[in-house]
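Q: Could you take me through the terms used for this structure, one at a time, and show how each value is set against its definition?

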Amino acid sequence: MDICTRVEIVRKKIERACDRAGRNLEEVILLAASKTQSVDKILEAYRCGVRYFGENRVQEGVEKINELIDYKDIHWHLIGGLQINKAKHAVNYFQIIHSLDREELANEINKRAERIGKIQSCLIEVNFGEESKYGVDEDKLFQLFEYCQKKNSIKVEGLMAIPPYFEDVEKVRPFFAKLRDLKEQLEKSYNVNLKHLSMGMSRDFEVAIEEGATIVRIGSAIFGERS
Ligand SMILES: *Cc1c(COP(=O)(O)O)cnc(C)c1O
């Protein structure tokens, strides 16, 4: 199956999930998770209308972004864990960083953004299990959010999570619901509006949309299995 066919299938599923949930299709961004994929493959998805791409590693992402510099309408997101010493490049190149998960990183992102006069959009990544080494623990989330609110060059736009793996995707639903609940709690507590819930991957994005996802990060369902 070619990439366009796969993109169309994913789009149809997104549409049906939105219908089931009574949500607007415009509320959901299809972000192609393009780690390990070549620039050619990315362009194939681009030609099928995909405009959002998520990279995991800063260096790999920066190389692709530079190669595709003429495609001004591509939105590049960083979805993988971020090390302090890569924060500068991350700020220089990515529109949204999905993996803000500690104060030290917030400091560095804020400093680098300030230097180039950018307000860096970020999502706070929440850790939902021992499987992921990234993300802030649930009980530290409010503290981190409050900390970031004081940073002038960071705009926290929502939350991101990678739930534990289950054979049965229905078992992931409570984790998605939990992330939505945490977002709503933050909105109430701090009287803010948070735009994004980045949750759902190839196996479970339909469930994630039913639970309120605004960004679904989809790799293998678009590009095929990674080698
Ligand atoms: C690879 C990756 C995805 C996409 O995974 P698939 O299962 O291939 O859809 C989504 N989010 C993150 C953070 C990833 O690293």
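A: A polar contact is a pair of N or O atoms within 3.5 Å. In this predicted model, an oxygen atom of the ligand is 2.8 Å from a polar backbone atom of Ser220, so the pair falls within the 3.5 Å cut-off and counts as a polar contact.

Q: What makes the approach of the ligand to the side chain of Ser202 a polar contact?
A: An N or O atom in the side chain of Ser202 is 2.5 Å from an oxygen atom of the ligand, and the cut-off is 3.5 Å. The side chain of Arg226 also meets the rule, with an N or O atom 2.8 Å from a ligand oxygen. Of the 390 Å² of accessible area that the ligand has on its own, the protein covers 90%.

Q: Which residues surround the ligand, and how many of the shell are nonpolar, polar or charged?
A: Among the surrounding residues are Ala33, Lys35, Asn56, Met201 and Gly219. Ala and Met count as nonpolar, Lys as charged, and Asn and Gly as polar; by class the shell has five nonpolar, four polar and three charged residues.

Q: Why is the pair of Glu210 and Arg20 called a salt bridge?
A: The closest N and O atoms of Glu210 and Arg20 are 2.6 Å apart, and a salt bridge needs such atoms within 4 Å, so the pair qualifies. Because Glu210 lies in helix α8 and Arg20 in helix α1, the bridge ties together parts that are 190 residues apart in sequence. By this rule the count comes to 18 salt bridges.

How values were computed:
Residues are numbered from 1 along each chain as its sequence is written. This is a predicted model: local features need pLDDT of at least 70, side-chain atom pairs count only at pLDDT 80 or more; totals for chains, interfaces and linings use all residues. Side-chain values use heavy atoms; hydrogens and water are left out. A residue is near a molecule or strand if one of its heavy atoms lies within 4 Å of it. A polar contact is a pair of N or O atoms within 3.5 Å; within protein, one must be able to donate a hydrogen and the other to accept it, and residues adjacent in sequence count only if both atoms are side-chain atoms. Accessible areas come from the Shrake-Rupley method with a 1.4 Å probe; for residues, only the protein chains shown count as cover. A salt bridge is a side-chain nitrogen of Lys or Arg within 4 Å of a carboxyl oxygen of Asp or Glu. Helices (H or I, at least four residues) and strands (E, at least two) are DSSP runs, numbered from the N terminus.
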